[in-house]
Amino acid sequence: MNKTNIAVMISGSGTNLQALIDKIHNKDTGGNIELVISNNENAYGLVRARNSGIRTVVINKNQYDSALRYEETLVEILEKAEINLIVLAGYLAFVPDKILEIYENRIISIHPSLIPSFCGRGFYGERVHQAAIHRGVKISGATVHFVNKIVDGGPIIIQKCVNVDFNDTAESLQKKVLEIEHEILPLAVKFFIENRIRVIDGRVKVIGRRQ
Ligand code: GRF
């Protein structure tokens with residue numbers, strides 16, 4: 001089996017990156033995290049990557065005088081590393097259109113709610129959980145999906161839910177949801193590596209999985 005070269009893009013603490021390092025990277029899964037890209041030089045995820053000997057790149061749109069130059073540089077970095085799969089694991093910047101085109105159905109992201117609830121522009125970090133608590137939902141969860149031009153709008157690969165208790169706070173809910181994120185993101189990446197994901201009319205079928 002050919003290795004799947006993965007680029008993980010992050011902006012923050014990188015606990016999802018850590019889950020991918022622990023469950024996917026250089027194991028017998030056939031997946032290898034070739035590089036970790038961040039728009040934030042202070043992201044703790046960069047330290048996690050370096051601790052595991054993974055190459056890191058810090059690249060931010062603001063460093064470039066044109067959006068095109070930024071886009072070209074990012075494409076070049078990904079192509080040079082022969083990346084087959086991009087994983088957005090808490091990446092709080094926009095992915096240029098060109099990359100969305102080149103990597104159609106090869107960019108996976110994780111969102112900390114059950115899409116289509118509490119998602120789209122402005123729903124990131126603790127805000128997602130604050131909105132869920134405020135609305136009084138009894139279940140929330142996490143969604144792994146492909147990325148397209150619509151924010152949080154790509155085909156859904158896996159969802160898993162958690163109960164929301166009356167006494168939960170945004171912080172406690174975030175903790176519960178993170179735990180399942182660390183389960184389903186590596187699982188979706190594993191399905192991708194095993195070439196079991198099919199996108200049919202905007203919906204995902206995972207070969208050999210009951211859903
Ligand atoms: C996670 O909640 C993820 O769903 C969201 O951003 C957060 C990243 O957390 N997209 P971490 O950096 O992986 O700890």
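**View 1. Helix α1 and helix α2 are roughly parallel to each other (an angle under 35 degrees).** In this predicted model, local features need pLDDT of at least 70 and side-chain atom pairs pLDDT 80 or more, while totals for chains, interfaces and linings use all residues. Residues are numbered from 1 along each chain as its sequence is written, and side-chain values use heavy atoms, without hydrogens and water. The axes of α1 and α2 (residues 44–51) cross at roughly 15° and come within 9 Å (lines fitted to C-alpha atoms over the stretch in contact, with angles from 0 to 180 degrees between N-to-C directions). Helices are DSSP runs of H or I with at least four residues, and strands are E runs with at least two, numbered from the N terminus. The crossing of α1 past α2 is right-handed (near helix turned clockwise from the far one by less than a right angle). On the α1 side, T15, L17, Q18 and I21 make the contact, and on the α2 side G45, R48 and A49 (heavy atoms within 4.5 Å). Three nonpolar, three polar and one charged residues make up this contact of α1 with α2, with Gly counted as polar.

**View 2. Helix α1 packs against helix α6 at an angle of about 50°.** Helix α1 covers residues 15–23, and its axis is 9 Å from that of α6. That angle makes α1 oblique to α6 (not under 35, not 65 to 115 and not over 145 degrees). The crossing of α1 and α6 is right-handed. From α1, the residues T15, N16, A19, L20 and K23 meet L178, E181, H182, E183, L185, P186 and V189 of α6. The contact of α1 with α6 holds six nonpolar, three polar and three charged residues.

**View 3. Helix α5 crosses helix α6 at roughly 115°.** Helix α5 runs over residues 126–135 and helix α6 over residues 170–193, and their axes come within 8 Å. The two helices, α5 and α6, are therefore roughly perpendicular to each other (65 to 115 degrees). The crossing of α5 and α6 is right-handed. Helix α5 contributes E126, H129, Q130, A132 and I133 to the contact, and helix α6 contributes A170, L173, Q174 and V177. Five nonpolar residues, three polar ones and one charged one form the contact of α5 with α6.

**View 4. Residues around the ligand include S13, G14 and E181.** The full set is S13, G14, T15, N16, G90, I110, H111, P112 and E181, each with a heavy atom within 4 Å of the ligand. An N or O atom in the side chain of S13 is 2.8 Å from an oxygen atom of the ligand. At G14, a polar backbone atom is 2.7 Å from a ligand oxygen atom. E181 has a polar side-chain atom 2.7 Å from an oxygen atom of the ligand. T15, N16 and E181, listed around the ligand, also take part in the contact of α1 with α6.

**View 5. The loop between β5 and α5 contains P116.** Strand β5 covers 107–111. The peptide bond that joins I115 to P116 is cis, and its omega is near 15°.

**View 6. D152 has a positive phi, near 60°.** D152 is a residue other than glycine. The residue sits in the loop that connects β6 (139–146) and β7 (156–163).

Terms used: Polar contact = N/O pair within 3.5 Å; in protein donor to acceptor, adjacent residues only side chain to side chain.
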